[in-house]
Amino acid sequence: MADAEEWRLVLKLLKEQAFGVLGTNHKGSAYASLVAFAATADVRFIYFATTRATRKYLNLAADDQVALLVDNRADQALALYEAAAVTAYGTATEIAAAEHAEVLQSYLARHPQLKTFVSAPTTAIFRIKVESYHLVQRFQNVTEFRMNRCAG
Amino acid sequence: MRWLIPFADVSRATVKNLGGKALMLARLQQEGFLVPAGYCLPVSVYHEFLVETGLDAFIAMELQRKDFREMRWEELWDVSLRIRNHFLTRTWPKAMKEKLLKDLSEGPANWSSVAVRSTAPGEDSASQSFAGLHESRVMLQGAEAILEAIRIVWASLWSDGALLYRHELGLDPGKSGMAVIIQEMIIGDVSGILFTRAPQDGSVMMAEAVWGLNQALVDGSIEPDRWQFSRATGTVTEKHEVVHTVALRPTTHGTELSPLGEAQRGRSPFDTVFCQELFQAGCQLEASLGQALDIEWTSSNKSLHILQARPITTSLQSKDGDERPWYLSLHRSLDNLEALRMELEQQVLPGMDHDAEKMSAVELSQLSNRKLAEEYLNRRGILDKWLSIYKDKCIPMAHGLRLFGEFYNDLIKPEDPHEFINLLHSDDLLAVQRNRQLHEMAELLRKDHRLLQQLKDGCELSEGSNLKGMLEVFNHEYSGINWVLHQDLDLTSWLVKLAEQDGDDKNEGLKQADREHAFFAQVPEAESGMAGRILAVAKASYLLRDNDNLYLGKVRAGVSAAEQEIRKRIDSGASEGLDKILPETTEKKVFSRYESQRESVESPENWQLARQLVGQPAGPGVNSGPARVLNNASVLTDFKAGEVLVCDAIEPNMTFLAPLAAAIIERRGGMLVHGAIIAREYGIPCVTGIPEATKVIKSGDQLTVDGYLGIVTIDRGDG
């Protein structure tokens, strides 16, 4: 699988894009937020940060199921077939303060300008354990990648 | 390819990458004028540094954080300080550093001392001048010191003054860049400036001179002699001479003002022969460059060196509302600030206090209408006088803080560019002292259950009682409180309220001595004297920043009392001769940038609800509580402990509320506004600079205030 063109596109999107749309559950309703993310090299985990007073933080405390959409759209009708979007599905867990330093090193390598934000005592860092990726390309082609079946 | 371009190789074609100042100096050198040897570091290197260090993203974030038009000067300074600190705390990318060190080793690193100056493209032309808005560093030795200075000069592209000026010119700060001149330092015996066409009289040249180095003249710490001579003949037409006692001289760690020796003390740095030389040089330079010039020069061993030449700016000289000169006046030297401090402490504040005392001694109710009108107008005049002095003296003194802030950040390179404020904490803040007195009285009341109950039942305090005596003293000392309320504050009921609330005075008294000790341990020995002086000025500045407003508040209280008496008579119909005497607005604005340019924010429609607002983190900590919006003085007394104070600005006279607040939100922005100072003193989370705060937040809204990040979250429920 590691050689497939589609998988390479997933890796490229996660590597090149800085922001994604995070979907959470707000008391049974969908809730979406833009977040700055960083994926681990093997893309099994994705990190993002939020302050604890936000609605998405409260949503995550109540339900850890999330979706994160990452895309490269150009917002032009003609570019529709060129756009690709990958959605990660999984569970998000707040990481303990003891782990912050290690995680922040790679997160800040991706988003150095967010240093003050992620270093504040009021900011929580979340790790999404990715269960599957859905890749959409050429408008309607959808490919699913199940991470529990992925060997490496 | 080398990065450093020697003056000899600079051509007009490279002006976009080097800036007009570099081009001018190179051209003068190429035409045979005596210009100190120098190199230029092009703008492309600045841009490479930004990209390599990721600074470009940080700067973009800072600039987009808030609409520029909504920023007050204090917020601009904060933006500029944060950007400056990003430059200082970034390490040089390895490859860039190696390349620069190699270039420097072939010239500047071997000079006995070096000056590093700005040369931003588009910086100096006939229609605009950034003179004084960007930084220079002089008397540097060795490559490392030059590398450090380059970052500081680059950072000064983002000085508050430069940001404001670019905005006024319609230039996009995000698209600007900075080249640097690295020049051999000439230690002049006499230095000065020369306008080949005097600003006020185009028929004469005008020169100014001081003994020693030029920086003292440029920053205003030494008053120069001024001579004018006819452009046609060179004949001296006017002399303005001062008594010279000091000169700026080089030291091992920079420069300092030192007393003049016997031969120079009291003598003018000018003489007729030297003036002729200046006149001739001015004529030749003007002929060579084809335009009138503003020149900085120094004379060493009888040789005249041209340090800088720029076209004389014409378009901004008499433009109404041009605040650049005022901005420039805020950059005071240490000596200047020390003198200003003396003046404020010994003359200005006692003067305000004296006038306020005189006002409070007048029994307004006994005056006839005519006398009351006279008294009111007289008080308005006195207030206007003090407001004007406030702008000219008190606001510039506040910039003692910036002097220390930059010194501290240059030396310590802290992660938090506002860390230096921790060293300025003072128990001498009048607001803190006043709050302490209030709490002492409340504590007394809290322990006396019977008296507390009597007061709650509406009984008066008995004459001669301890508390009554304390209240009288308090009322006399801090009469300014009433100005805020526009009515007599019933201090007794306020005390009852305080006594019934949390008795915890949150001012814990920080370990100031330890912080100072840690700071001085990092100051090189040669600079410790200077560091002590700068810290002393900054502490005075911090203290005066709050206290001057309290004194001004006392004067305002006097005006307000007369105003209230007039209103009372108008309301009762006994106002003959008093109609139309009250102005529609009570006070003119001191300075437009002192306020936000967008003062009024429309109330949004009721289907539009703010859920989260971003301002400036001005006091660390996080806390939640119901909002108490102070958009009307009468609600002040409704304020309860544990509420989040939301206001236009914490007037210094209102700071007695602060210790009871769960958090503070101010519309006005800045780390150095009074609310922020008081919040830090009491360890209360504080967010400033949210212009719409008092409109979109309603009293009772449940708020969470994140003073680390400057975020206010409003819990709207799911409605």
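1. A good place to begin is a single residue and its surroundings: leaving aside residues up to four places away in sequence, Met441(B) touches Leu467(B), Met470(B), Leu471(B) and Leu495(B). Met441(B) belongs to helix α15 of chain B, which covers residues 430-447. For one of these partners the separation can be given in two ways, since Met441(B) and Leu471(B) are 30 residues apart in sequence, while their C-alpha atoms are 8.0 Å apart in space. Is Met441(B) buried or exposed? Met441(B) is buried, because 21 other C-beta atoms lie within 10 Å, and the cut-off for a buried residue is 20 or more. Please keep in mind, here and in every point below, that this is a predicted model.

2. Turning to chain B as a whole, its secondary structure amounts to 23 helices and 21 strands. Of the 719 residues in chain B, 42% count as buried. Among the contacts in chain B with a separation of 6 or more, 71% are between residues 24 or more positions apart.

3. The next point concerns two helices of chain B, α5 (residues 73-89) and α8 (residues 160-169), which pack at an angle of about 115 degrees with their axes 8 Å apart. The two helices, α5(B) and α8(B), are therefore roughly perpendicular to each other, and the crossing in which α5(B) passes α8(B) is right-handed. On the α5(B) side the contact is made by Trp73(B), Leu76(B), Trp77(B) and Ser80(B), and on the α8(B) side by Asp160(B), Leu163(B) and Leu164(B). Sorted by class, the residues of this contact are five nonpolar, one polar and one charged.

4. A second helix pair makes a useful exercise alongside the previous one: the axes of α12 (residues 334-360) and α21 (residues 528-571), both of chain B, come within 9 Å and cross at roughly 20 degrees. That angle makes α12(B) roughly parallel to α21(B), and α12(B) passes α21(B) in a left-handed crossing. Among the residues that meet here are Leu337(B), Arg341(B), Leu344(B) and Met352(B) in α12(B), and Ile534(B), Val537(B), Leu544(B) and Tyr551(B) in α21(B). By class, the contact of α12(B) with α21(B) has 14 nonpolar, three polar and seven charged residues.

5. The sheets deserve their own point, and it helps to recall that strands of a sheet pair through backbone hydrogen bonds, either parallel or antiparallel. In chain B, eight strands form an open sheet with mixed pairing, in the order β14-β21-β20-β16-β17-β18-β19-β15. Which strands stand at the edges of this sheet? They are β14 (612-614) and β15 (616-619) of chain B, each of which has a single partner strand, so one side of each is left without a neighbour in the sheet. From one strand to the next, the twist averages 25 degrees. Within this order, β18 (residues 663-666) and β19 (residues 686-688) of chain B pair in the parallel sense over three bridges, and Ile665(B) has Val687(B) in β19(B) as its bridge partner.

6. Strand β6 of chain B (residues 190-195) is mostly covered, with five of its six residues buried. With strand β7 of chain B (residues 204-211), β6(B) pairs in the antiparallel sense over six bridges, and Ser191(B) stands opposite Val210(B) in β7(B). Strand β12 of chain B (residues 293-300) also runs antiparallel to β6(B) and is joined to it by six bridges, with Leu194(B) standing opposite Ile295(B) in β12(B).

7. Helix α22 of chain B (residues 674-682) is mostly covered, since nine of its nine residues are buried. The buried residues include Ile677(B) and Ile678(B), but also His674(B), Arg680(B) and Glu681(B). After α22(B) comes Gly683(B), whose phi is positive, near 65 degrees.

8. Finally, chain B also touches chain A, with 11 residues of chain B in contact with nine residues of chain A. On the chain B side, the elements that give two or more residues are α4 (55-64), β20 (702-706) and β21 (711-715), and α4(B) gives the most, with three residues. By class, this side of chain B has seven nonpolar, three polar and one charged residues.

Technical notes: Residues numbered from 1 in each chain as written. Chains lettered and ligands numbered in written order. Predicted model: local features only at pLDDT ≥ 70, side-chain atom pairs only at ≥ 80, totals over all residues. Axes fitted to C-alpha atoms, helices over the stretch in contact; angles between N-to-C directions. Helix = DSSP H or I, 4+ residues; strand = E, 2+ residues; numbered from the N terminus. Parallel < 35°, antiparallel > 145°, perpendicular 65-115°, else oblique. Left-handed = near helix turned anticlockwise from the far one by under 90°. Contact = placed C-beta atoms within 7 Å. Nonpolar A, V, L, I, M, F, W, Y, C, P; charged D, E, K, R; others polar. Pairing = 2+ DSSP bridges. Buried ≥ 20, exposed ≤ 12 C-beta atoms within 10 Å, placed from the backbone.
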